[in-house]
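Subject: Structure handover

Hi,

Here is the structure I promised to pass on. My notes on what turned up follow below it.

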Amino acid sequence: MQLSLQGKTYVIMGVANKRSIAWGIARALHAAGARLIFTYAGERFENEVKKLVATLEDDTALVLPCDVTKDEEIASCFAQIKEKVGVIHGVAHCIAFANKEHLEGEYMNVDREGFLLAHNISAYSLTAVAKAAKELMTEGGSIVTLTYLGGERVVQNYNVMGVAKASLEASVKYLANDLGKYGIRVNAISAGPIRTLSAKGVGDFNSILKEIEERAPLRRTTTQEEVGDTALFLFSDLSRGVTGEIIHVDSGYHILA
Ligand code: NDP
Ligand code: KAL
């Protein structure tokens with residue numbers, strides 16, 4: 001059984017720049033010979049994504065808008081993919097958002113609007129995307145999303161995003177159960193802290209990374225490449241018996257008390 005993804009097509013959602021975890025996944029899949037379709041949220045990063053995709057030197061790659069807060073944008077994105085490519089074999093969902101003011105201090109200070117926004121973009125979107133993608137995964141498929149330890153345990157400042165990740169992880173299991181009969185697997189990678197645009201501006205990210213270097217079993221922080229390679233496994237037939245799983249790619253940090 002090989003890790004080649006030659007002849008397969010994957011949708012990568014959530015590249016903002018070259019540090020994005022989604023870009024680490026894209027590079028791993030590209031190296032395995034996959035055809036890639038990229039989606040971005042707003043015009044803010046459209047040029048950045050297009051510039052990065054150009055570096056792959058793959059003229060079959062597509063770049064489409066898909067703001068996951070808009071049902072009509074999800075529908076038109078997957079309709080365009082159907083028209084241009086037909087069948088897809090997987091989706092990498094690397095999307096999360098919460099208001100900055102709700103990512104510090106006490107969790108309970110979140111308001112209704114901020115709670116719903118975080119859950120809308122970071123959790124519900126997986127279900128909406130899975131439903132749209134199912135129609136194009138007629139040869140079976142694999143859906144991979146990204147989560148963090150703060151969805152299982154209380155991590156300071158992660159707050160409403162932790163509650164949204166708990167919902168995302170439960171969604172992975174319910175979707176795996178729904179979609180298994182169509183030969184579609186659904187899994188999450190729980191990544192250790194990686195310096196990306198999302199992590200930027202987060203108070204004391206350096207000390208979080210230092211703690212991982214000192215205490216994690218592997219004594220080093222997680223890289224985009226490590227997450228990319230585990231995603232490659234989850235997208236390939238090597239993982240054909242794995243669904244509804246949350247795989248930690250975090251230097252083993254999650255086993256510590
Ligand atoms: P990035 O900032 O690189 O990526 C976050 C992405 O979310 C951006 O591409 C952004 O798109 C997208 N996004 C936000 N709102 C929307 C929306 N409405 N519709 C579509 N896309 C949207 O950060 P990461 O690579 O770190 O984050 C990717 C995933 O990894 C997230 O789910 C995050 O929670 C998870 N994760 C990250 C960890 C880390 O330490 N970095 C650790 C564990 C999990 P746009 O830029 O176009 O707005
Ligand atoms: C405990 C950790 C420290 C950080 C606390 C919260 C992190 C939450 C992640 C969340 C995705 C961040 C945001 O939503 C940031 C947003 O409010 C402002 N940023 C943006 O708008 C940028 C420009 C865009 C690109 O970002 C998004 N998301 O669209 C958690 C650390 C240790 C691990 C991390 C960073 C986990 C994670 O889930 O990302």
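Which ligand 1 atom does a polar side-chain atom of K165 lie 2.8 Å from? That partner is an oxygen atom of ligand 1, and the pair is a polar contact (two N or O atoms within 3.5 Å; within protein, one must be able to donate a hydrogen and the other to accept it, and residues adjacent in sequence count only if both atoms are side-chain atoms).

Some housekeeping before the rest. This is a predicted model, where local features need pLDDT of at least 70, side-chain atom pairs count only at pLDDT 80 or more, and totals for chains, interfaces and linings use all residues. Residues are numbered from 1 along each chain as its sequence is written, chains are lettered from A and ligands numbered from 1 in the order in which they are written, and side-chain values use heavy atoms, with hydrogens and water left out.

Back to ligand 1. Two other side chains have polar atoms by it: D67, 3.0 Å from a nitrogen atom, and T196, 2.6 Å from an oxygen atom. On its own the ligand has 880 Å² of accessible area, and the protein covers 92% of it (Shrake-Rupley method, 1.4 Å probe). Around ligand 1 there are 28 residues, with S20, F45, I194, T196 and S198 coming nearest (a residue counts if one of its heavy atoms lies within 4 Å).

Now ligand 2. Its shell has 20 residues, and A96, A98, Y158, S198 and V202 are the closest. The side chain of Y158 has an N or O atom 2.5 Å from an oxygen atom of ligand 2. Backbone atoms join in too: a polar one of A96 is 2.8 Å from a nitrogen atom of the ligand, and a polar one of A98 is 2.7 Å from an oxygen atom. Alone, ligand 2 exposes 810 Å², of which the protein buries 84%.

Next, Q224, which sits in helix 7 (residues 224-235) (helices are DSSP runs of H or I, at least four residues, numbered from the N terminus). Why does Q224 count as buried? Because its relative accessibility is 13%, and buried means under 20% relative accessible area (1.4 Å probe, protein chains only). A polar atom of the Q224 side chain lies 2.4 Å from the backbone oxygen of R19.

Last, helix 2 (residues 46-54): its buried residues are E46, V49, L52 and V53. Viewed down the helix axis, they fall within an arc of 135° and so line one face (the arc is that of the directions from the axis to the C-beta atoms).

Cheers

Methods: Helices (H or I, at least four residues) and strands (E, at least two) are DSSP runs, numbered from the N terminus. Buried means under 20% relative accessible area, exposed over 50%, partly exposed in between (1.4 Å probe, protein chains only).
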